[in-house]
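Biologist: Got a minute to walk me through this one? I'd like to talk about the sheet, the charges and the packing.

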Amino acid sequence: VGKFGDPRLRAWPILTGADNENRREVCVAIIRRWLSIEYLDLFIKIIEDTAEDRQFRPRKTFWLKYFEKGLVSDVTLVLAADADRIAKRMRVQKDDAEYMQWATLSHAQPNQSVLLMRLGDLIIAEWSHSGAMRFWKADGRSAPEFHLRDYLASQLRNDSLKIKVGNETRNSIVHHENGQWMRWASDVIRYHTGVSV
């Protein structure tokens, strides 16, 4: 990774020898999974450094199950100004982490961050702080793209799917202290992807 960068952003070299393409894909898949968990960890640390609430521990526990099983196939970290400064400081403190890249977030609170994930054909924007979790079908016209340099907050909020939250239909899930959001999010993910953990 230090030599070739993030394989989601830069092409990695072709391997030589028998079954070279399959071996390369296995290697790249392992690196992507490892990097995805690293970005999740950075997202949680940024929330921990900037948030007044204590939502980061349950969020990490919830999402780590999906990441560890290799179900999250793509990730983009999107940071507003204060969160960006914290991430840069953390990257400097971590040896050889120059490969870690993220996008900037405009028209949001300066301490906000968004973990944009793809799980099956579902796109999920997990907002920090009191921000909500939103969902799009990957092939939908309004679904956010991955790995852009800059995002407007509206790109990661508008035109999201209508989802069942308890007995209501909403366009987002709010992270209540009672933890019900985890069951609701699991239900949405299972409904749209067939995946459960």
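Modeller: Sure, here is a quick tour, topic by topic.

Modeller: One thing up front: this is a predicted model.

Biologist: Fine. Sheet first: how many strands, and in what order?

Modeller: It's an open sheet of 6 strands, ordered 5-4-3-1-2-6, and the pairing is mixed. The edges are strand 5 (133–137) and strand 6 (150–152), each of which pairs on one side only. On average, neighbouring strands are turned by 25 degrees against each other, ignoring direction.

Biologist: And what does strand 6 pair with, and in which sense?

Modeller: Strand 6 pairs with strand 2 (residues 103–106) in the parallel sense, over 3 bridges. As an example, serine 106 has leucine 152 in strand 6 as its bridge partner.

Biologist: OK, go to the other end. How do strand 3 and strand 4 run?

Modeller: They run antiparallel, with 6 bridges joining strand 3 to strand 4. One bridge partner pair there is arginine 118 with isoleucine 123 of strand 4. The two strands make a hairpin with 2 residues between them, and glycine 120 in the turn has a positive phi of about 65 degrees.

Biologist: How many bridges join strand 4 to strand 5?

Modeller: There are 5 bridges, and those strands run antiparallel too. Alanine 125 has arginine 134 in strand 5 as its bridge partner. That hairpin has 5 residues between the strands, and histidine 129 takes a positive phi near 55 degrees.

Biologist: What about strand 4 itself, covered or open?

Modeller: Mostly covered: 6 of its 6 residues are buried. Leu122, Ile124 and Glu126 point one way, while Ile123, Ala125 and Trp127 point the other way.

Biologist: Why would side chains split up like that?

Modeller: In a regular strand, side chains alternate between the two faces of the sheet.

Biologist: So what's the packing like? Which residues have the most contacts inside the largest nonpolar core?

Modeller: Those are Trp63, Leu77, Ile124, Phe135, Ile173 and Ile189, in a core of 42 residues. Helix 1 (residues 20–50) gives the most to this core, with 10 residues.

Biologist: Ile124 comes up again. What is isoleucine 124 in contact with?

Modeller: Leaving aside neighbours within four places in sequence, its contacts include Trp63, Leu115, Met117, Met133, Phe135 and Ile189. There's also a second, separate core of 15 residues, which includes Ile123, Ala125, Tyr151 and Leu156.

Biologist: Changing topic: how many salt bridges does the structure hold?

Modeller: It holds 9.

Biologist: Remind me why such side chains pair at all?

Modeller: Side chains of opposite charge can pair when their charged atoms come close.

Biologist: Give me one. What does arginine 85 meet in a salt bridge?

Modeller: Arginine 85 meets aspartate 82, at 2.3 Å from N to O. Both lie in helix 3 (residues 81–93), 3 residues apart, which is about one turn of the helix. Arginine 85 counts as exposed because its relative accessibility is 52%, and the cut-off is over 50%. Aspartate 82 has a relative accessible area of 28%, so it is partly exposed.

Biologist: And which partner does aspartate 121 have?

Modeller: Lysine 137, with a salt bridge of 3.3 Å, N to O. Aspartate 121 lies in the loop between strand 3 (113–119) and strand 4 (122–127), and lysine 137 is in strand 5, so the pair ties together parts that are 16 residues apart in sequence. Aspartate 121 is partly exposed at 35% relative accessibility, and lysine 137 is partly exposed at 23%.

Biologist: Any others worth a look?

Modeller: Arginine 170 and glutamate 168 meet in a salt bridge at 3.1 Å, N to O. Arginine 170 is partly exposed at 25% relative accessibility, and glutamate 168 is partly exposed with a relative accessible area of 45%. Then Asp41, Lys45 and Lys60 are linked in a network of salt bridges.

Biologist: Last one: where is histidine 176?

Modeller: Histidine 176 is in the loop between strand 8 (168–170) and helix 4 (180–193). Its relative accessible area is 37%, so histidine 176 counts as partly exposed. Histidine 176 and threonine 76 are 100 residues apart in sequence and 24 Å apart in space, C-alpha to C-alpha.

Conventions:
Residues are numbered from 1 along each chain as its sequence is written. This is a predicted model: local features need pLDDT of at least 70, side-chain atom pairs count only at pLDDT 80 or more; totals for chains, interfaces and linings use all residues. Side-chain values use heavy atoms; hydrogens and water are left out. Two strands pair if DSSP finds at least two bridges between them. Helices (H or I, at least four residues) and strands (E, at least two) are DSSP runs, numbered from the N terminus. Axes are lines fitted to C-alpha atoms, for helices over the stretch in contact, and angles run from 0 to 180 degrees between N-to-C directions. A salt bridge is a side-chain nitrogen of Lys or Arg within 4 Å of a carboxyl oxygen of Asp or Glu. Buried means under 20% relative accessible area, exposed over 50%, partly exposed in between (1.4 Å probe, protein chains only). A nonpolar core is a set of buried Ala, Val, Leu, Ile, Met, Phe, Trp, Tyr and Cys residues joined through side-chain atoms within 4.5 Å. Contact means heavy atoms within 4.5 Å.
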